[in-house]
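Please look over the sequence and the model before reading on. The report below is meant to be followed with both in view.

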Amino acid sequence: MNSQLVKRSIIISIICLTYQFSFGQNQKRKLTEKDYDSWCLLEDENIAPNGKWLSFKLKYNNGKDTLVLKTVKNNKAFNFPNASNGKFSSDSKWFTYSTHQKKLILLNLEKNSQLEFDEVKKYQIDQVSNSIGVLSNKDTLVVINLKKQKTIVIPKVKEFEFSSNGNLAIAKDTSVVVGTTDNPFAQIPIANNKQGFKNLVWNNNNGFAFFENQEKEENTNQNHAIGYFDLINKKYYHLNSNDFPELNQKSIVKPFGQKGIVIEPNDNKVIFYINNREKAKIEPRKMEVWEYNSPLEYPSQEVKGNFENTAKMTIWWPIKNELKVIGTNQRPNTIVCPLSNYVLSFNPLDYEPQFELAAPVDLYLTNLKTNKTILLLEKQSQKAQTMGASANGNYFYYYRDKNWWIYDLKRETHTNITKDLPFPVENFKQDEPGPKYGFGCGAWSSDNQHIFIYDEYDIWMIAADGKTKKRITNGRETLTQFRIEEELYVNKGHRGSIEFLSTTVNKKAGIICTAIDQNKNWGYYIWKEKQGLIKIHFENSKASRMKIASNSQDMIWIEEEVTRPPRILFTTPKEAQPKIVYQSNKQYTKYESRTAELMKYTNSKGDTLNAILYYPVGYKKEKKYPMIVYIYEKLSQRLHQYDNPTLYDRAGFAVANYNYDAYFVLLPDIIYEIGNPGISAKDCVESAVNEAIKTEKIDPKRMGIYGHSFGGYQVASIITQTDIFKAAVVGSGVTDLTNLYLQMNWNFNRTQAWRFESQQMRMGSNPLENFEGYKNNSPIANAAKINTPVLIWTGKEDYNVDWNQSIYLHMALRRLKKENKLLLFPNEGHTINTKENQVLLTKEIKKWFDEHLK
C-alpha cells in the first residue's frame, strides 16, 4: 500500500476517534427512575426589604428539604437542612427560620452570628420597632429589640401581640400588661383575673381588646368578659354579659373558625359574637322526619336550619358605653364594610330550597350611626368575587345583570359603572350551568377613587361614580390577557369571614400586571399613571409568583420552561434586563430534555381549541411511539410549565415520567355543552387525538387515556363511546350520575345535586326530569359498550367523590367480564397523601400502561 495513503488513513482514523470521544463526552444521559430523587421543588421565595438577600426552600421527595439564604449580587449562600419559615427583619439585618426540632434561629446577616431558641410555641417580628418576640412552650417570652440590642425575659406568658407600631400586649397567667414604644420593656398592668385571658387584638395603635375567661358552667356555651384598653387616654374598659339587657342569658363566645374579637378603628368599635347561655338540648330521636319542603335537606336543616342557637354579631363602643346586637334570627349572617359604620346582613335560607352551591340572598345594609336598615339588594348571588367593598368602606360593589355596579354608602346611590364599555364584562366563555358572572374585579385604588375591572383581555380603571373609564392595558390587540397580580396587593391583615377580602393598589407606585398571550407565554408588566404600561419581562416562558422588596422595590419572580426547571429572576426599578439569581435542579443539563408544542385542533362543532403535545425524550422521526391522553378541562396554560420526574404524585401520574420513557403525552383543552359533559368531552378528546396522530410519529394502535376526579369521570364516559384507546385509568371519578346526584354527602350534610345543576358536572338539570340526558352521559348506564381495559383507583376515605362510585364501575365490568382492576387505598382520600402509597400508585399506573401499550 502507498505510504502516503497509509498515513492519510491513520490521520482520518485519529480524527474519527477524536470526534467519537468528543461526542461521547458531550452526549447527555438518559434519565432513569433512580435519578428522580435528585429533583426538587422550588418554594417559598422571599426577598429582603432592602433587596439584597433572598430566601427559598428546596423540597425533595426523600424529605431532605433545605432552606436557602442567598445574596442577590453574588453566590454567597447558606443552606439550612430541614428548616422552614424564613423571614427577614424590616431593616434587613436579621433573618429567622424554624428547624424541625421546633427551634427558632435568629441570624445576624451583618455579623454572621446567631441566637437559638428552644421549644418555640410562637414568634412574631415587629417590623416597625424591629423587635422580635419569642414564646416558648414553657410560657417564657423573650423580647429582643434588634436595633438597640436589648433583651427582656418575661415568665408565665400565655399570649402576646405586637401592634403595628411596636406596642406590645401580653396575656400572662392571671394578668394583662402592655409595653409601649416609648418604654417597651416596662410592663403597665391592665387587668387581673384568676381564670386568665386570651385573644389579644390591637386597634391599630390606639388600644387593644381581649377575652377574659369565665368559670365554665355545665351545659352552657363558654362565656367570656371583654377588656379594652385605650392606649391614648390610658383608660381601661370592661364588658360583662350582665352589663346590658341585650346580653341577658347570653354568653360572649368565640365561634369556631372566627377570631372572636375584631376592632374597627372607625369609632373604636369592638366586634364580637354572642350566643344563648344555655346550650341547645339535643334529645335522642326515635324517628327522623325528612320533610320535602324544608329549606334544607334534613341533615343540613338539623345543623344550619335553627338560627336560635347561632352566634350573632354584636358591637360594643367602650368609650361611649353603647352596645348593639347586629345579627338576628331573621338575618343571622353579617359582614362588616371595613373602616366604616356599615354592616351587611342576610338570611342564607331566604331562597331555599334551591340547587346551587349557595343560594342567592336579600342583602340588608345597616348604618350604625343612624341605626337605619335598608334592603340594599334583592336576590343577590353569593358566588365568590361577585361582591365586595373598597378598603375604606365607602363603596360596596357587586355584579348583577351582566354589569358591575357600585353603591355609594354615603350618597345611597347605585351606579352601573360598566354599561357603556365597548366590550362585555360578563364571562361569556363560562361553560358551567347557571347564571354567567363577570371576568372579575381586580382591585381598588388606595385613594378609593377608582375600581379596576376586567374584560376578556384587558383591565379597565373606572371612577367610583362611573363617569370616567380608561383601558390601561392593550391586550385585545394581540389577544393577550392582562390581570392584576392580586397576590401582591391583597389585604394581609384580612380578618376572616367577618369582612370582605380587599385588594388595594397604589396608582402612583405602579400596578404589577400578569400577561398571557394566545401562545401561552407568560410575563409581567407594570402600569403607572404617567408612563402607562411598561414591560418588565415577557418571553417564551412562564413567569409567576412575583415578590417585591418593601423598601427598595426590587423584584423577584419565577421563570420556567418545559425544557428548563424554575429559576429566580431579579430586577430593580432602574434595570431593564432581569438577571438570574438562582437556577434550581442544575443537574437537568446532564440529561436529555423534554419538548412540547402547542397544537391547534377543531372539534365537531367547529370550535378551535388548544392542546399540548409532549414528545418522548430523544425521539426519532422514523419510529412510532405510544401516546397517553391526560385530561382535565383546560390544561394548555401548562405549556411552559416544567414538570419534575417523580414517583410521589398524589394522583399517580407524572407527565414527565412518561416522556422520559418513550411516550407522547397529549393534554387537550375541553369545552362542554351543558347537559352533555361526557359526550362533549369525547368529541374534543377524539378530535385532538385525530389531529395529534397526523404527525405520523404516534402509533394509533397504542394509545391510552388517564383522568382523575372530574377527569376520571370524563375518561369513564369517553371509553363508553369510543374504542380508540387500548388502556384507560379512572381515578376517583364519578361513574353513576343519577346515583351521585341523589346521594347524601355526609361530610357536608347535603346531596350532590348542586354539582350537577350549577357546577362542574355541567348537567344543568336533574335526572328525574332529564333521565335520558343523565343516562347518555353516565358511564354505568353505558358500561356494556366499554371494550377498553381500565384501571380504577380511589381512597376509601374519599368524601369529595364517594369511593363507592369506583366500586360501581368495577362491579359492572366484572359482571360483564371485561378487563379491569380496582385499587382501593384504606386511610386515603380523594388523592393519595401517604408517600409510600404515592409510589405504589404511580408504579401501578405505569405498569398498567406499559403492559397494554408497549
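The following sections describe parts of this predicted model, one after another.

## Two domains and their contact

The protein is divided into two domains, and domain 1 is made of two stretches, 190–282 and 291–363, while domain 2 covers residues 591–853. Measured in no experiment but computed from the model, the C-alpha centres of domain 1 and domain 2 lie 46 Å apart. The two domains are in contact, with seven residues of domain 1 meeting twelve residues of domain 2.

## The annotated region and two helices

An unreviewed UniProt entry lists residues 681–854 as "domain: Peptidase S9 prolyl oligopeptidase catalytic". In the model, this span is 40% helix and 18% strand, and the C-alpha atoms at its two ends lie 26 Å apart.

Helix 5 runs through residues 677–692, and at 1.5 Å a residue its 16 residues should span 22 Å, which agrees with the 22 Å found between its end C-alpha atoms. Helix 5 is also mostly covered, since 13 of its 16 residues are buried. Helix 6, which takes in residues 710–718, is mostly covered as well, with nine of its nine residues buried. Among these buried residues of helix 6 are Phe710, Tyr713, Gln714 and Ile718, together with Gly711 and Gly712.

## A sheet of four strands

Strands 43, 44, 45 and 46 form an open sheet in the order 43-44-45-46, and their pairing is antiparallel. Strand 43 (542–548) and strand 46 (579–583) stand at the edges, where each has a single partner strand, so one side of each is left without a neighbour in the sheet. From one strand to the next, the twist averages 30°. In general, the strands of a sheet pair through backbone hydrogen bonds, and the pairing can be either parallel or antiparallel.

A closer view of this sheet is given by strand 45 (residues 564–571), which pairs with strand 46 in the antiparallel sense over four bridges. Leucine 569 stands opposite isoleucine 580, a residue of strand 46.

## A buried serine

Which strand holds serine 55? Serine 55 lies in strand 2, which runs through residues 53–60. Because its relative accessibility is 1%, and buried means under 20%, serine 55 counts as buried.

When residues up to four places away in sequence are not counted, serine 55 touches Asp44, Glu45, Asn46, Val68, Leu69, Gly86, Phe88 and Phe95.

Conventions
Residues are numbered from 1 along each chain as its sequence is written. This is a predicted model: local features need pLDDT of at least 70, side-chain atom pairs count only at pLDDT 80 or more; totals for chains, interfaces and linings use all residues. Side-chain values use heavy atoms; hydrogens and water are left out. UniProt positions are given in the numbering used here, feature names are shortened, and annotations may be inferred rather than shown by experiment. Buried means under 20% relative accessible area, exposed over 50%, partly exposed in between (1.4 Å probe, protein chains only). Contact means heavy atoms within 4.5 Å. Two strands pair if DSSP finds at least two bridges between them. Axes are lines fitted to C-alpha atoms, for helices over the stretch in contact, and angles run from 0 to 180 degrees between N-to-C directions. The expected span of a helix is 1.5 Å times one less than its number of residues. Domain bounds come from an automatic or database domain assignment.
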